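Subject: Structure handover

Hi,

Here is the structure I said I would pass on. Have a look at it first, then read my notes underneath.

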There are 6 protein chains.
Amino acid sequence: MTAAIEFAAAPFRAAGSNIVCVEMKDGPAGIVTESELLDAVAPMLSYALAVEADAAAFVIACFGDPGLHLLRERLKCQVFGIGECGVLAALARGQRFGVISLLQSSIPRHMRWFGAMGVHSRLAGDRAMGLGVADLKNRDAMFSRMVEVGQMLKQQDGADVILMGGAAMSFHRAALEAELEMPVIDPNFAALTWADGVSKLR
Amino acid sequence: MTAAIEFAAAPFRAAGSNIVCVEMKDGPAGIVTESELLDAVAPMLSYALAVEADAAAFVIACFGDPGLHLLRERLKCQVFGIGECGVLAALARGQRFGVISLLQSSIPRHMRWFGAMGVHSRLAGDRAMGLGVADLKNRDAMFSRMVEVGQMLKQQDGADVILMGGAAMSFHRAALEAELEMPVIDPNFAALTWADGVSKLR
Amino acid sequence: MTAAIEFAAAPFRAAGSNIVCVEMKDGPAGIVTESELLDAVAPMLSYALAVEADAAAFVIACFGDPGLHLLRERLKCQVFGIGECGVLAALARGQRFGVISLLQSSIPRHMRWFGAMGVHSRLAGDRAMGLGVADLKNRDAMFSRMVEVGQMLKQQDGADVILMGGAAMSFHRAALEAELEMPVIDPNFAALTWADGVSKLR
Amino acid sequence: MTAAIEFAAAPFRAAGSNIVCVEMKDGPAGIVTESELLDAVAPMLSYALAVEADAAAFVIACFGDPGLHLLRERLKCQVFGIGECGVLAALARGQRFGVISLLQSSIPRHMRWFGAMGVHSRLAGDRAMGLGVADLKNRDAMFSRMVEVGQMLKQQDGADVILMGGAAMSFHRAALEAELEMPVIDPNFAALTWADGVSKLR
Amino acid sequence: MTAAIEFAAAPFRAAGSNIVCVEMKDGPAGIVTESELLDAVAPMLSYALAVEADAAAFVIACFGDPGLHLLRERLKCQVFGIGECGVLAALARGQRFGVISLLQSSIPRHMRWFGAMGVHSRLAGDRAMGLGVADLKNRDAMFSRMVEVGQMLKQQDGADVILMGGAAMSFHRAALEAELEMPVIDPNFAALTWADGVSKLR
Amino acid sequence: MTAAIEFAAAPFRAAGSNIVCVEMKDGPAGIVTESELLDAVAPMLSYALAVEADAAAFVIACFGDPGLHLLRERLKCQVFGIGECGVLAALARGQRFGVISLLQSSIPRHMRWFGAMGVHSRLAGDRAMGLGVADLKNRDAMFSRMVEVGQMLKQQDGADVILMGGAAMSFHRAALEAELEMPVIDPNFAALTWADGVSKLR
């Protein structure tokens, strides 16, 4: 997952931006359940509080946006979640967005979050690949499944833009866009774009 | 706060229901911030897991519904949050509900939660009394302020039902209803109603 | 139909609540059309006015909620409709509810009612079994059809909670929940829960 | 009230259309409550069934649209309600409509109906004049109050089109439009327009 | 296309209304793209300004409603778009409308327009026939495809009223209604109805 | 106006990005009306087509987003409108956004655009300063009026983030944020952020 975030960060670094990707060693290994989302918050908060003076902005690189409003409450600088930024980026690339999610069990949580964002009328559909965090390592199998699910979102649900619903999919964005012939949003890149913009104001 | 919940529980106990009100000693003293919401979850979860075999249902008696979906994920029995149940009860008593909140800073969180529930078109308004958890002890001052805010919700925002937006206001429900001449919902009572119903199925 | 309501009432009676199920002899035999909904109102109103002094609350046990706002206007005590209460109960058990209806012709009416409730963004789908009131007597055939329709709501429409869209289905709730592996709401039980709660305040 | 409907019908009659305004002698004298709405339905239905062969379309000239879906179910020809047609006409003349209603007690009913129509995001506000059906006879006082309420809808609620929320206000449309300097919709005229159009297809 | 509009205008003319159908010679041959929509505006505006003194109302007979708000800004008389009027007419004939569109590429534009109208909760679906403007000449093939798409809207999307999403389909309305056994709205007829009504007030 | 855009572009240029601000000499002097919006499109399109090979992305620096979807249709590279990007940026900084607009007459257009974006449930209010394009030159008077309107959006409408509703207000962002004690979004900066991000992918 960190490799995917590094991949998304590379173009910004190439242009001179200073982006630090940090893995929370005391956080959960993967984040799928509500419990894991909760457990991810405290490590991020203590890290962010420790380095806040040196940062222009923080990105929470988990599609569930754990602790987003808590970190916003506690930190002076801006905090971006890849879930929120991914959705907002999708809204500027198509009229109805489709989400490729890893697991069915995350979809009710996405629905609550999209409802909190007030964007349900723009959602074409959210479909799960039925893959766990462990399956993410097999990139070819993952890509095939992303294409299948993306086609369903396009043809059955009427999506005209696809949002990759996870932090570990960045590698596949360009190829998926070519395959599906429609814009594909990488939420890591979306959040990094906003954080990078904010850093210019420092 | 626990006294208010005991007050709301009394009619159910009088009818023979067994309701245990537990204060989380290792939880935060009051719950106003996002951090305090987070800190409230772990103690509730461990308590609930410990007594789950003996319970028909759990009620999370904090209007912010901390850990609601996490507890639902981890427990087999039903879990009710007073925020969610309070809103749903209000929907059956009027067409547009007004919320009396303690603090302005909680309102964006309420808005996200109402959005996740998908009920924004039913919301007349959410107005803060500007009182902290500490002010809750002065019942007379609190009641006067509730009447003021309730009148604004009725006359300026068009509310035809009032939802008391906190766990510590149960004592005031009947008097407020008489004063405002419109239905007033106690979220503690709403959640206890549902938990009590579920307990009949055991 | 009255048997189903008696079934739903049994757990409350066992706990000591006094629930009277009354069949309106001068009402329509079944309620499917707009005309039958209208014809159901006057008998209910005159019954309710006659016994109001002895009642803590009334439940209108027809999924179309005939006369709900009229009875609320005319009676001092609270009135609950199983349609409204069923929907609200479903909102607390899942993120997107699916409705199993008897007839296709009722669905536009449900859509208007769900719109009036403001809950459309929470609706996964409403699908008809294509059964008439007469078919309700064959419980096995009815259950098989409920399972079929429930599976479609789950798999094609993304429902994570099912609402049984009629007053005569209470018998099937537990078995359907086991079969579909997701929460199933009996609207009779939902409305009785709320009426039972209100009765504690008397 | 019938005079107002005759007033709205005059331009269509002048162009050759045959419009019959019928007062329901066995209906309620005025329609303000839910009970009166209910009582209005049966007389309209029996009248409409009796003359259906001679009619191209029916208009229900009460802003609450009593029996609209019931008459649509029972009659072969098209049925229009002035409430529904008035709202739809307003949507084509401005972006956010304001409603001038007679009584505060009707507003929750309007909110349910606007919700069933799915148009809440287009509603600027609905404000009551606080006048009863009896006050309608004093045309000058009524007009002054309509101007006051219309100004509030325009300036405080942001309405850019006004819908007169009753069947008895047709006389005031042109003067109100001049006074408020914004489009004003007469719901009688709106419904008659649609019925007149349908009659051309006969 | 003009023939279709003439067809829709015939019943009004037969009743004595004076309707002039004008083809914009300096406009685009067909209107499918955003560029063609833009190019359609200036010719309509200069025509309308030239004849404004003689007109009671204007109808823009293109489903994309090009220049609707611009013409409303520049002209004193009322301006109707067939897209907007078609949608509003559909709302009075069914609870969830389905749209038969020519091309997939127009659907995101429709979605933006329906969103601006605030009617998304009433939309069952919008499906394209996959036919270009050129295909409109083969009336039989077009009708067969309309029936196919209409059946999908009815059976898969739950539409209970169909809106023909183009200006050139008027000929097929009655036959399509018979075939699909549900109301079918001709947007040309809808807009002409409103314009005809306004003309009575002159 | 161009000076404001240059101001917003400066931080990106300082970081090495190549941003060209071009004034459309053959476009309208200011853009307030629907006609001016239309007239702005053709010059932008021909400019963009001419330089497309050298551009990573285009920004349309007018809050009305003229020609946004047309340019997206005609150009291969990404196109951003400051209206759309400003709204989306506001959604990530607060729960309910307030818009400071120049003129009352633009607000219905904003409402249509916010409706097309599907974000009405997130809008606190849109209030006009009542200033024309000419008044923008008096920066002090403009700032005072922005503070007044911002306070109304905060206190009366409940906004927790402010969106400056025009291209010429960039200079005031930081001071307004300090004065209002809440986040203030410059739509120029928002769109430039996104365009700058996209340019990294080239």
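Below is what I found, going from the fold of a chain to the way the chains meet.

One thing before you start: this is a predicted model, so please read everything below in that light.

**The sheet and its helices**

I looked at chain F for the fold. Its open sheet has four strands, in the order β4-β3-β5-β6, and the pairing is parallel. At the edges sit β4 (123-128) and β6 (184-185) of chain F, each of which pairs on one side only. Further in, β3 (residues 97-101) and β5 (residues 161-165) of chain F are joined in the parallel sense by five bridges. If you want a spot to zoom in on, take F:Gly98, which stands opposite F:Ile162 in β5(F).

Two helices of chain F are worth colouring along with the sheet. Helix α6 (residues 139-155) of chain F packs on the sheet and touches β3, β4 and β5 of chain F, its direction making about 150 degrees with that of β4(F). Helix α5 (residues 107-117) of chain F lies across β3 and β4 of chain F, and runs at about 155 degrees to β4(F).

Chain E can be described in similar terms. Its open sheet of four strands has the order β4-β3-β5-β6, with parallel pairing, and the edge strands are β4 (123-128) and β6 (184-185) of chain E. Strands β3 (residues 97-101) and β5 (residues 161-165) of chain E pair in the parallel sense over five bridges. There, E:Ser101 stands opposite E:Gly165 in β5(E). Helix α6 (residues 139-155) of chain E lies across β3, β4 and β5 of chain E, at about 150 degrees to β4(E).

**Chain A against chain F**

How many residues does each chain bring to this contact? Chain A gives 26 residues and chain F gives 26 residues. The area buried between chain A and chain F is about 2,200 Å², and carbon and sulfur atoms give 61% of it. On the chain A side, A:Ala92, A:Trp194 and A:Lys200 supply 25% of the area that chain A buries against chain F, more than any other three residues.

As for the polar side, the rule finds zero salt bridges across the interface of chain A and chain F. There are, however, eight residue pairs in polar contact between chain A and chain F, with both residues at pLDDT 80 or more. The elements giving two or more residues to the side of chain A that touches chain F are α1 (2-14), α4 (82-91), α5 (107-117) and α8 (187-200) of chain A. Of these, α8(A) gives the most, with six residues.

Now the symmetry. Chain A is superposed on chain F by a rotation of 180 degrees with 0.0 Å of shift along the axis, at an RMSD of 0.0 Å. That is the relation of a two-fold axis. The copies meet through the same surface, because 100% of the interface residues of chain A are also interface residues in chain F.

**Chain F against chain D**

Here the contact takes four residues from chain F and four residues from chain D. Chain F and chain D bury about 340 Å² between them, with 65% of it on carbon and sulfur atoms. F:Pro108, F:Met111 and F:His120 supply 75% of the area that chain F buries against chain D, more than any other three residues. Between chain F and chain D the rule finds zero salt bridges, and the count of residue pairs in polar contact (both at pLDDT 80 or more) is zero.

What turn lays chain F on chain D? A turn of 120 degrees does it, with a shift of 0.0 Å along the axis and an RMSD of 0.0 Å. That is the relation of a three-fold axis. In chain F, the C-alpha nearest the axis is that of F:Ser121, at 4.7 Å from it.

**Chains that stay apart**

Chain B and chain E do not touch, and their nearest C-alpha atoms are 12 Å apart. No contact joins chain C and chain F either, with their closest C-alpha atoms 12 Å apart.

**Salt bridges**

Over all chains, a search of the whole structure finds 48 salt bridges. In one of them the side chains of A:Arg109 and A:Glu34 meet at 3.3 Å, N to O. A:Arg109 lies in helix α5 of chain A and A:Glu34 in helix α2 (residues 34-51) of chain A, so this pair ties together parts that are 75 residues apart in sequence.

Cheers

Terms used:
Residues numbered from 1 in each chain as written. Chains lettered and ligands numbered in written order. Predicted model: local features only at pLDDT ≥ 70, side-chain atom pairs only at ≥ 80, totals over all residues. Heavy atoms only, no water. Pairing = 2+ DSSP bridges. Contact = heavy atoms within 4.5 Å. Axes fitted to C-alpha atoms, helices over the stretch in contact; angles between N-to-C directions. Least-squares fit on C-alpha atoms with pLDDT ≥ 70 in both. Buried area = accessible area lost by both parts, 1.4 Å probe. Salt bridge = Lys/Arg side-chain N within 4 Å of Asp/Glu carboxyl O. Polar contact = N/O pair within 3.5 Å; in protein donor to acceptor, adjacent residues only side chain to side chain.
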